[in-house]
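Morning, everyone. I have one structure to go through today, and I will keep it short.

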Amino acid sequence: MSYKNIARLVLQQNRQFSRTAPASSGEVAEGYKQLRHIQEKFQKPDGKPVFLKGGPMDNVLFSLTMVLSVVGLAGIGKLFYELSYPKKE
């Protein structure tokens, strides 16, 4: 017998591909309940963008990002001005 035939026989005899037992009851593991709770929190239609739904720390990080962006744009504007109008010596 070739290896292909042996593999075919093994697969025909053992058709269970899953290593876990099938769910027999309606119970859900605790980790999945927590995950579902988090999903509900982020999918709630409250008008907030998803990147701000994580709580107050998300608001702090978003505000910090906006402040650093404005500071960076101001620095670029200052650089362009200084390079466009050099000081006369």
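I will start with how to read the model, then take the helices, the surface and one annotated stretch.

This is a predicted model, in which local features need pLDDT of at least 70, side-chain atom pairs count only at pLDDT 80 or more, and totals for chains, interfaces and linings use all residues. Residues are numbered from 1 along each chain as its sequence is written, and side-chain values use heavy atoms, with hydrogens and water left out.

The chain has 3 helices and 0 strands, so read from the N terminus the order is α-α-α. Helices here are DSSP runs of H or I with at least four residues, and strands are runs of E with at least two, numbered from the N terminus.

Next, burial. Of the 89 residues, 3% count as buried. Buried means under 20% relative accessible area, exposed means over 50%, and partly exposed is in between, with a 1.4 Å probe and protein chains only.

On the surface, Ile38, Phe42, Val50, Phe51, Phe62 and Met66 make a nonpolar patch of about 540 Å². Helices α2 (30-43) and α3 (56-84) each give two or more residues to this patch. A patch takes residues with over 30% relative accessible area and no salt bridge (Lys or Arg side-chain nitrogen within 4 Å of an Asp or Glu carboxyl oxygen); nonpolar side chains (Val, Leu, Ile, Met, Phe, Trp, Tyr) are joined within 5 Å.

Is Met66, in helix α3, buried or partly exposed? Met66 is partly exposed, because its relative accessible area is 39%.

Last, an unreviewed UniProt entry annotates residues 60-81 as "transmembrane region". That stretch is 100% helix and 0% strand, with its end C-alpha atoms 32 Å apart. Such annotations may be inferred rather than shown by experiment.

Conventions
Patch = residues over 30% accessible without salt bridge, like charges linked within 9 Å, V, L, I, M, F, W, Y side chains within 5 Å. Areas by Shrake-Rupley, 256 points an atom, 1.4 Å probe, with all protein chains shown as cover.
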